[in-house]
Amino acid sequence: LNCLKSDQTSFNGFKKQTLTASEKLKTSVFVPNRDISMDIFCGDFNVKDFIVIPSTFQPNTLGYFNLQIYSKYELTVKDIKKVPEKTELSGKWMKNKNAGGCMNNPSWWINPQYIFTAHDNVGNVTFTLNQTSSTLQYIGLYAFQCDGPENTFGYRMINVLNKPLGGQPKFSNVASKSVTIPNVQPNTNIIIMPSTFDPDQEGDFVVSVSTDGSSNFDFNPVCDYLVKQISSKWSGPTACGCLTNNGWNGNPCFRFEIKQKSNNFNTARIGIIISVTSQLNDAIGFYIFNDS
């Protein structure tokens, strides 16, 4: 059992492209037929992200194992096994889950999304959406650049920050759609979102990427946010209208807190969505206040 420090360098869940033995923080004992354990104190290494590599002593030894990680703090564990670089990903639209329809629909953001990250001069990049179901839907393919202060850091896009690259897609009942982004520079991040025209249309698809330059890029599904949901209503004394109305602060009010262990909140991204669940003949919005 080897433990290494993890540094943030890519979006694919595996934060380092390569590992070297010199980066190892700790090594367990190797003994046959028993549980192996190790304690790690983050303060000893001044890090909070680690890579754990279970290993047999000799190569070509086959078998199964369980990895358990205990902590009194909330943690995430991902399988980040190194696999050959993928240029093609399979997906599907499923009713009431991720078939959001085009961007005319408020549910557009639940569509499958993928992030392309260029690490070199990849040149012109072509993304292609192929339907693999027997029934063809009306489909389109969105591409959004997500660099700069609004960078989504590999997470799902829930707000439109830029116009689609290549323009608004044209939806049609065909087996394949493509969009080409010219001259993509290193460190460019692009969100790809395959979509049907109408929501709740189901089907299987494959999204692929090809370049005419370097193949040094990542192409992976986006990460999804942790979501907290509260249901409420405007009714009687809590239906108070916007700020221009007296008593506006009688509206429903909710407090949330970012429970981040780091003092650096520059990369903390919060998405807030208010959805109407009943017929409402009025515009809606919300206000954000500091509670520090």
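A contact here means heavy atoms within 4.5 Å.

**Figure 1. The whole chain, a predicted model with one helix and 11 strands.** With contact defined that way, take the contacts in the chain with a separation of 6 or more: residues 24 or more positions apart account for 75% of them. Reading from the N terminus, the elements go β-β-α-β-β-β-β-β-β-β-β-β. The chain has 292 residues, and 27% of them count as buried. Its accessible surface is about 20,300 Å², with 50% of that belonging to carbon and sulfur atoms.

**Figure 2. One open sheet, with four strands in the order β4-β10-β6-β8.** The pairing is antiparallel. Look to the edges for β4 and β8: each has a single partner strand, so one side of each has no neighbour in the sheet. On average, neighbouring strands of this sheet are turned by 20 degrees against each other, direction ignored.

**Figure 3. Zooming in on β4 and its partner β10.** These two strands run antiparallel and are joined by six bridges. Two of the residue pairs are handy landmarks. Gly91 has Phe205 in β10 as its bridge partner, and Ser90 is matched with Val206, also in β10. Now for the faces of the strand. In a regular strand, side chains alternate between the two faces of the sheet. In β4, Leu89, Gly91 and Trp93 make up the covered face, while Glu88, Ser90 and Lys92 make up the uncovered one.

**Figure 4. Another open sheet of four strands, this one ordered β7-β9-β5-β11.** Here too the pairing is antiparallel. The edge strands are β7 and β11; each has a single partner strand, so one side of each is left open, without a neighbour in the sheet. From one strand to the next, the twist averages 20 degrees. Inside the sheet, β5 and β9 run antiparallel and are joined by four bridges. To find your way around that pair, start at Tyr114, which stands opposite Ile192 in β9.

**Figure 5. The largest nonpolar core, a group of 24 residues.** Which members touch the most others? They are Phe116, Phe127, Ile181, Val184, Ile190, Ile192 and Phe219. As for the strands behind this core, β4 (88-93), β5 (114-118), β6 (123-131), β7 (139-145), β8 (176-184), β9 (189-196), β10 (203-211) and β11 (217-221) each supply at least two of its residues. Apart from this core lies another one, of 11 residues, which include Trp108, Cys146, Met193 and Val222.

**Figure 6. Phe116 and the residues around it.** What does Phe116 touch, once its neighbours within four places in sequence are set aside? The contacts are Val122, Val125, Phe127, Val184, Thr188, Asn189, Ile190, Val209, Phe217, Asp218 and Phe219. One of these, Phe217, deserves a look of its own. Phe217 is in strand β11, and with a relative accessible area of 3% it counts as buried, because the cut-off for buried is under 20%. Val122 also appears among the contacts of Phe116. Phe217 and Val122 are 95 residues apart in sequence, yet 7.8 Å apart in space, C-alpha to C-alpha.

**Figure 7. Two loop asparagines with positive phi, Asn96 and Asn187.** Neither of these is a glycine. Asn96 sits in the loop between β4 and β5, and its phi is near 65 degrees. Asn187 is in the loop between β8 and β9, with a phi of about 70 degrees. Are these two buried or exposed? Asn96 has 68% relative accessibility and therefore counts as exposed, the cut-off being over 50%. Asn187, at 58%, is exposed as well.

**Figure 8. Two cysteines, Cys240 and Cys242.** How many disulfides does a search of the whole structure find? Zero. Cys240 has a relative accessible area of 18%, so it falls under the 20% cut-off and counts as buried. Cys242 comes out at 37%, which means partly exposed.

Note on methods:
Residues numbered from 1 in each chain as written. Predicted model: local features only at pLDDT ≥ 70, side-chain atom pairs only at ≥ 80, totals over all residues. Heavy atoms only, no water. Core = buried A, V, L, I, M, F, W, Y, C linked by side-chain atoms within 4.5 Å. Buried < 20%, exposed > 50% of the residue type's maximum accessible area, 1.4 Å probe, protein only. Disulfide = S-S within 2.5 Å. Pairing = 2+ DSSP bridges. Axes fitted to C-alpha atoms, helices over the stretch in contact; angles between N-to-C directions. Areas by Shrake-Rupley, 256 points an atom, 1.4 Å probe, with all protein chains shown as cover.
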